[in-house]
Amino acid sequence: MFGYVIADKTRLTKDEIARYRSFYCGVCISIGKRYSQLPRLTLSYDMPFLAMLLTSLYEKKDEGGQLRCVHHLMQKQHFISNEIIDYCADMNLLLAYYKCIDDINDDNSLSARFLKSRLEKPVSVIKQKYPKKSEVIHKGLEALSKLERESFCNLDACLKTFGNILGEIFVFSDDNWAKTLYNTGNALGEFIYACDAYEDYDSDIKKGSFNPLHEIMKEKDGEDQAVRLLNMLMGRCAMEADKLPLEQDISIINNILYHGVWVRFNLIRYKKTKGKERAAV
């Protein structure tokens with residue numbers, strides 16, 4: 001469900017790309033150093049984005065360094081290390097673990113069973129550190145799975161449920177910024193869920209599977225309705241993020257919020273349009 005919160009690298013400078021990558025490497029290294037190597041495979045750019053946003057907001061020092069890893073054997077890569085990096089690494093593993101449980105319950109996935117077994121030890125530690133967030137993620141994904149099994153497609157309920165999960169994750173500290181961070185994550189979570197549904201729509205319909213956008217997409221202007229919904233959700237996310245006093249890395253953060261999140265969606269939409277054009281010929 002993740003993988004939409006990325007930068008549009010065509011709009012970044014070389015230094016900005018290196019800086020952006022350093023957060024990814026930081027979260028990846030945090031997972032490997034504190035837990036084990038295999039869980040690093042669960043990482044996408046979603047939590048590194050949160051790490052960058054929170055590091056900017058709380059003005060954390062750029063501790064870290066350079067090192068080689070399995071993916072970069074020839075050249076050392078810069079990485080960032082701080083308590084927020086560790087927090088985002090922990091949230092990444094919580095999400096991956098409970099997603100495994102969801103996949104096992106849905107179709108008894110063997111790969112999910114294998115990954116879950118490798119995540120149980122680190123997640124047991126993380127759950128003790130963040131019991132509330134662990135419960136919100138677990139209960140939220142359970143509720144979402146239940147909603148998706150119902151015959152009536154309640155899009156608003158699905159969006160709200162997943163939005164609440166990411167909203168909770170965005171709240172690093174119970175302080176003056178907690179509400180704005182929650183609202184930012186909530187809107188982003190709803191956007192991610194809707195994007196994922198849009199990407200899977202054609203295959204879901206062919207298989208007769210649940211898709212939360214079905215009621216919208218079956219209309220004559222369904223495609224336009226879906227795009228308007230996504231624009232509204234991302235607009236709300238950007239509006240909330242703009243309330244945060246961000247200075248460091250603001251150009252990269254804005255790149256992601258205003259351009260990057262649309263990169264994968266636009267590619268998906270382009271492929272869908274081309275597919276329909278070929279079918280019409």
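A residue counts as buried when its relative accessible area is under 20%, as exposed when it is over 50%, and as partly exposed in between. With that in hand, Ser22 is an easy case to start from: at 1% relative accessibility, Ser22 counts as buried. Please keep in mind that the model shown above is predicted.

## The chain as a whole

Let us step back from Ser22 for a moment. The chain is built from 10 helices and 2 strands. Walking along the sequence, you meet them in the order α-α-β-β-α-α-α-α-α-α-α-α. The radius of gyration of the chain is 19 Å, close to the 19 Å that the globule rule gives for 281 residues, so the chain is as compact as a globular protein of that length. Along the principal axes, the C-alpha atoms fill a box of roughly 55 × 45 × 40 Å.

How much of the chain is buried? Of its 281 residues, 50% count as buried. The accessible surface comes to about 14,400 Å², and carbon and sulfur atoms contribute 51% of that area. Among contacts with a separation of 6 or more, 71% join residues that are 24 or more positions apart. As for charge, the chain carries 40 positive and 39 negative charges, and the mean positions of the two sets are 5 Å apart.

## The nonpolar core

The largest nonpolar core holds 84 residues, and the members that touch the most others are Phe49, Ile169, Leu188 and Phe191. Helix α3, residues 83-107, supplies the largest share of this core, with 15 residues.

Which residues does Phe49 touch, leaving out those up to four places away in sequence? They are Val5, Phe170, Leu188, Ile253, Ile256 and Leu257. One of these partners, Leu188, is itself among the residues that touch the most other core members.

## Helix α3 up close

Two residues of helix α3 deserve a visit, Tyr87 and Leu93. Leu93 is buried, with a relative accessible area of 0%, and Tyr87 is buried too, at 1%.

Leaving aside residues up to four places away in sequence, Leu93 touches Ile31, Tyr35, Pro39, Thr42, Leu119, Pro122, Val123 and Ile126. One of these partners, Pro122, is 29 residues from Leu93 along the chain, and their C-alpha atoms are separated by 8.0 Å.

With the same neighbours set aside, Tyr87 touches Leu50, Leu54, Tyr130, Lys133, Glu168, Ile169, Val171 and Phe172. Ile169 in that list is one of the residues named above for touching the most other core members. Tyr87 and Lys129 are 42 residues apart in sequence, and 9.9 Å lies between their C-alpha atoms.

## Helices α1 and α6

Back to Ser22, which sits in helix α1, residues 14-34. Setting aside residues up to four places away in sequence, its contacts are His78, Phe79 and Ile80.

Helix α6, residues 155-170, includes Thr161, and Ala157 is found there as well. Are these two buried or partly exposed? Thr161 has a relative accessible area of 16% and is buried, while Ala157, at 21%, counts as partly exposed. The cut-off of 20% falls between the two values, which means that they receive separate labels. Beyond its neighbours within four places in sequence, Thr161 is in contact with Gly140, Ala143, Leu144 and Leu147. For Ala157, a C-alpha separation of 9.6 Å leads to Pro212, 55 residues apart along the chain.

## Two loop residues with positive phi

Which residues other than glycine have a positive phi? Glu59, with phi near 50°, is one of them, and Asp249, with phi near 65°, is another. Glu59 belongs to the loop between α2 (46-57) and β1 (63-69). Asp249 belongs to the loop between α9 (222-241) and α10 (250-280). Glu59 is exposed, with a relative accessible area of 65%, whereas Asp249 counts as buried at 13%.

## Accessibility at a glance

Here are some of the residues met above.

| Residue | Relative accessible area | Label |
|---|---|---|
| Ser22 | 1% | buried |
| Glu59 | 65% | exposed |
| Tyr87 | 1% | buried |
| Leu93 | 0% | buried |
| Ala157 | 21% | partly exposed |
| Thr161 | 16% | buried |
| Asp249 | 13% | buried |

Notes: Residues are numbered from 1 along each chain as its sequence is written. This is a predicted model: local features need pLDDT of at least 70, side-chain atom pairs count only at pLDDT 80 or more; totals for chains, interfaces and linings use all residues. Side-chain values use heavy atoms; hydrogens and water are left out. Helices (H or I, at least four residues) and strands (E, at least two) are DSSP runs, numbered from the N terminus. The radius of gyration is taken over C-alpha atoms; the globule rule is 2.2 Å times the number of residues to the power 0.38. Buried means under 20% relative accessible area, exposed over 50%, partly exposed in between (1.4 Å probe, protein chains only). Contact means heavy atoms within 4.5 Å. Accessible areas come from the Shrake-Rupley method with a 1.4 Å probe; for residues, only the protein chains shown count as cover. Lys and Arg count as positive and Asp and Glu as negative; His and the chain ends are not counted. The place of a charge is taken as NZ of Lys, CZ of Arg, CG of Asp or CD of Glu. A nonpolar core is a set of buried Ala, Val, Leu, Ile, Met, Phe, Trp, Tyr and Cys residues joined through side-chain atoms within 4.5 Å.
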